[in-house]
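Reader: I would like to learn how to read salt bridges and nonpolar cores in a model. Please take one feature at a time.

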Amino acid sequence: MSYANAAPTGTGSEAEYLEIALTEARDPETLRALLDESLPAGLDVTDAVEARTSGLADRLTASVWELRLEGVAPEAAEKAVEAFLAAETVEVQRKTKNGVRTFDTRSAVTELTAVRPQGEPREDGPLDSACAILRLVVRHVTPAVRPDDVLSGLRAVADLAPPVPAAVTRLAQGLFDEESGTVTDPLAPDREAVTAASPTAAATAPATAPGTGTA
């Protein structure tokens with residue numbers, strides 16, 4: 001069993017992928033259901049496909065993130081995003097096992113927008129008016145640029161400092177399409193291979209959202 005590009009510690013995710021080698025052939029949907037039943041609540045296996053192609057990790061070249069900034073006014077977030085995108089480089093520092101490293105975060109970010117939250121209620125009470133949501137698309141580069149690095153960059157260029165830690169969730173990851181600027185489904189080549197091999201079986205397969213594992 002191998003996880004590809006696992007999310008950083010402390011972040012949520014709706015799009016983690018893993019590859020599992022089996023000793024015998026199994027129906028992907030049956031396997032998905034069995035794995036899902038064995039996991040704790042909140043860890044959901046939403047889809048499984050037979051790996052008809054290789055190189056899943058090579059198809060995970062970018063991620064879509066949502067950063068919820070409690071205590072930050074949407075107007076302040078919008079101004080900080082404008083300053084970040086206008087900069088040619090935004091250097092930050094991160095402590096690594098080899099010491100403090102300085103690197104550019106701006107070049108890895110292909111999209112960054114500030115979204116005003118809707119007025120839906122939360123489990124802990126009414127939605128605070130001082131809350132901003134950032135949507136981030138970042139390429140998987142070396143060294144990796146993480147959501148907290150982008151927040152450090154926003155602090156550097158616009159002095160944006162949320163009073164509480166951001167709630168970070170990965171919404172999708174996959175191959176970055178240069179033409180459309182979108183992050184595509186990394187399991188699409190396997191789905192297409194299944195369709196080509198068995199059109200009838202593929203036509204009856206359930207449609208699911210991104211955020212899947214492979215088998």
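Reader: Is Asp185 buried, partly exposed or exposed?

Author: This is a predicted model. Burial is read from relative accessible area, with buried meaning under 20% and exposed over 50%. Asp185 has 28%, so the residue is partly exposed. Its salt-bridge partner is Arg191, with the closest N and O atoms 3.0 Å apart. Arg191 is also at 28% relative accessibility and therefore counts as partly exposed.

Reader: Which residues are joined into one network by salt bridges that share partners?

Author: Arg94, Arg146, Asp148 and Asp149 form that network. Within it, the side chains of Asp149 and Arg94 meet at 2.3 Å, N to O. This pair links distant parts of the chain, since Asp149 lies in helix 3 and Arg94 in strand 5, 55 residues apart. Asp149 has a relative accessible area of 3%, so it is buried. Arg94, at 14%, is buried as well.

Reader: Where do Arg32 and Glu29 lie?

Author: Both are in helix 1, three residues apart, which is about one turn of the helix. They form a salt bridge, with 3.0 Å between the closest N and O atoms.

Reader: Which residues touch the most other members of the largest nonpolar core?

Author: In soluble globular proteins, nonpolar side chains tend to be buried together. Here the largest core has 25 residues, and those touching the most other members are Leu67, Leu112, Leu134, Leu136, Val150 and Leu154. Among the elements that each supply at least two residues are strand 4, helix 2 and helix 3. A second, separate core has seven residues, including Leu56 and Leu60.

Terms used. Residues numbered from 1 in each chain as written. Predicted model: local features only at pLDDT ≥ 70, side-chain atom pairs only at ≥ 80, totals over all residues. Heavy atoms only, no water. Core = buried A, V, L, I, M, F, W, Y, C linked by side-chain atoms within 4.5 Å. Buried < 20%, exposed > 50% of the residue type's maximum accessible area, 1.4 Å probe, protein only. Helix = DSSP H or I, 4+ residues; strand = E, 2+ residues; numbered from the N terminus. Salt bridge = Lys/Arg side-chain N within 4 Å of Asp/Glu carboxyl O.
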